[in-house]
Amino acid sequence: MGGDAPHKYTGDLVNIERGRISREIFSARAVYDDELERIFPKSWLFIGHESQVPEPGDYILSRMAEESVIFNRDRRGKLHVMLNNCRHRGMRVCRADSGNARKFMCPFHAWTFSDEGALIGVPKLDTGYHNELDKSQWGLIEARVARYHGFVFACWDEETPDFETYLGDLRFYFDDYCELPDGTFGDWQAFGGIFKWKVPCNWKFGAENFAGDYYHNPSHASVDQVVLSPAGTKGRHTYDEVTRERELYKLNICVTPEGHTARGELFKDDYDYIPTYQDMAVVEDYFRECYTKRQERLGEKARWFGHGGTIFPNVSYSNGVQSMGTWHPSGPNETEIWRIFLAPKDAPVEVKNVLRHYVIRYQGPAGLTEQDDMENWGSAHLGAKGTIARRHDFHYGMGMGYEQKGWPVEWLGGEVHATEDVSEQNQRAYYARWAEMMDTPPDTRRHPVSVEAAE
Amino acid sequence: MDQSPDKALMDQILVRYRVEQFYTMEAELLDGRQFEAWLDLLADDIRYWMPVTRNRNFGEWDGEHTNEGEDLNWFDEGKFELEQRVKQIMTGIHWAEEPVSRTTHMFSNLQVIDESADTLLTRVRFLIYRNRNETETDFFVGKRHDKLRRIGEGFEVAAREIYLDQSVLQAKNLTIFF
Ligand code: FES
Ligand SMILES: [Fe+2]
């Protein structure tokens, strides 16, 4: 257990003032153990999308840090996130990745839990327990649940502020992500299936890369030479074609003190739609119409086109391909990545197909783009492990001192800083938040779950 | 025509032999990194599909694989997309394949399920060993269902369904061909 390890993070392993971060934070077991106690139980973690459990009784398995959780909709329609862990001896009470169930029966001694997590069945309650077991105290451990425009997050800690407060000034950017292409808050529909795969690197490499690393374009030099974008031209982004004719700011956005980040483009004018999907009339019409509606609806704020970002600590959202990628920690040296992809529920099937084909060729283990990212994260991780290498900090100083507030336009947010093009301000904001939480021992606050209930 | 049982059996053996020859050559091309030559074995209208596999409760196995053309799939593409994958490797800067993997493609349990004048339906089990750099090692094991189209004495692959026996992918990427 590293909970009491004498690490000092802010100003030491994470020295934001000097733009230096120790490689230890990626490779040391004691740091990782601290993360499991100090970061994950106190943060809002991404669970899934409501459309993954549309009907009463529907469930999927999700994850919070290393642990399996049941994400379900009970028979009354309420969403729950519960530790998939029997209170008797810790068996997984749900062992299918998805399904529909009114109750979950533990395979070991058959304690049975309702779809609300209540313990409703205990074999030999009379002869074995002499009716002295208070079932009301032994239900599944349930997390707080937040629904945000259909995206579901959960948190173990009662003292963590509500999700909207936690989101802080990322709200504008995450709202932009949650909006349909026409700028309304309509329904997204997750495609069936979840990409789950293992990458040999610390979980933070993915999180910080998606936080805003426009500097890593050389990683993708190969995919930029082939056709990936559904716009049918060379390159990986649909917007590459569109933005070529625009005047814009390419921005890194960090939200302090929450440590969330965004990246995207701010057009300098209210430009008209540029034809993008010339060979696909239905798709072209759909996006043209959405573009116009969005402009009418949002006014000058429609000039913002988000690319994505990271919600602290471990979920990254990607606009356009509309995915949520979660960096589940699996030991200091391994990440299990889970990705879901969504499409506007009411879009024509042609649009859904274009989006689906694009995303599964872009991201994930078969994704032409993400393959090269993972290769580099894996190598970077190895580089954080060597005895000699670990004595030398990583450089996180790019663009330091050039962050601007309320720029280029005031409405980009309150506690928000922006830099143009390439900068590591987003990584600095992310790790500043990380270090602050890591310096807060878990025993100075209430335990993340109510252990008293177990007495 | 002689329709004795021996003749029927000889026909079956001949078909099997040709399919085995075809798959052996295909594996040789892939393991020899002759990716462009491998593309020539694929029909222009090929469907290349690998679903994502899920753990399901007993009796709900129809939901075990994600659906082609509808859900997320590891692969759900045609020849143009496969050509892009090959092109990406041939840039020499596709870092996930640079240095390029060492692969050994093996197949067994060949069944010719159905045969018509134009096409054959086949099934094999596959085992692909991959090794990269110093220690990166993966085994890809599963089932492959093919539709082969007759081209003269040979074949082209008109459709390929690949069922990998993993729910959480144990490899960090799928940069190889199946
Ligand atoms: S472990 Fe679940 S009933 Fe015993
Ligand atoms: Fe990338």
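Me: How many disulfides does the structure hold over all chains?

Reply: Zero, counted over all chains. Keep in mind that this is a predicted model.

Me: What makes A:Cys290 too far from the closest cysteine sulfur for a bond?

Reply: A disulfide needs two cysteine sulfur atoms within 2.5 Å. For A:Cys290 the closest cysteine sulfur sits in A:Cys178, and that is 16 Å away, so a bond is out of reach.

Me: Why does A:Cys290 count as buried?

Reply: The cut-off for buried is under 20% relative accessible area. A:Cys290 comes in at 7%, so it counts as buried.

Me: And A:Cys201, why is that one called buried?

Reply: Its relative accessible area is 2%. Buried means under 20%, so the label fits A:Cys201.

Me: Which residues of helix α2 in chain A are buried?

Reply: The helix covers residues 29–38, and the buried ones are A:Val31, A:Tyr32, A:Asp33, A:Asp34, A:Glu35 and A:Arg38. They pack against three other helices of chain A, α1 (24–27), α5 (203–212) and α10 (425–438), and against the strand β19 (323–329).

Me: What makes chain A as compact as a globular protein of its length?

Reply: Chain A has ten helices and 23 strands. For its 455 residues the globule rule gives 23 Å, and the radius of gyration of chain A is 23 Å, so chain A is as compact as a globular protein of that length. Along the principal axes, its C-alpha trace spans about 80 × 55 × 40 Å.

Me: How much of chain A counts as buried?

Reply: That would be 59% of the 455 residues. The accessible surface of chain A is about 18000 Å², with 49% of it belonging to carbon and sulfur atoms.

Me: Now chain B: how do you know that its radius of gyration agrees with a compact globule?

Reply: A compact globule of 178 residues would have a radius of gyration near 16 Å, and chain B has 18 Å, which agrees. The C-alpha trace of chain B spans about 60 × 45 × 30 Å along its principal axes.

Me: In what order do the elements of chain B run?

Reply: From the N terminus on, they go α-α-β-β-α-β-β-β-β. That is three helices and six strands.

Me: How far apart are the mean positions of the positive and negative charges of chain B?

Reply: They are 2 Å apart, taken over 22 positive and 34 negative charges. In chain A, the centres of the 52 positive and 70 negative side chains lie 4 Å apart.

Methods. Residues numbered from 1 in each chain as written. Chains lettered and ligands numbered in written order. Heavy atoms only, no water. Helix = DSSP H or I, 4+ residues; strand = E, 2+ residues; numbered from the N terminus. Rg over C-alpha atoms; globule rule 2.2 N^0.38 Å. Buried < 20%, exposed > 50% of the residue type's maximum accessible area, 1.4 Å probe, protein only. Areas by Shrake-Rupley, 256 points an atom, 1.4 Å probe, with all protein chains shown as cover. Lys, Arg positive; Asp, Glu negative; His and termini not counted. Charge placed at Lys NZ, Arg CZ, Asp CG, Glu CD. Contact = heavy atoms within 4.5 Å.
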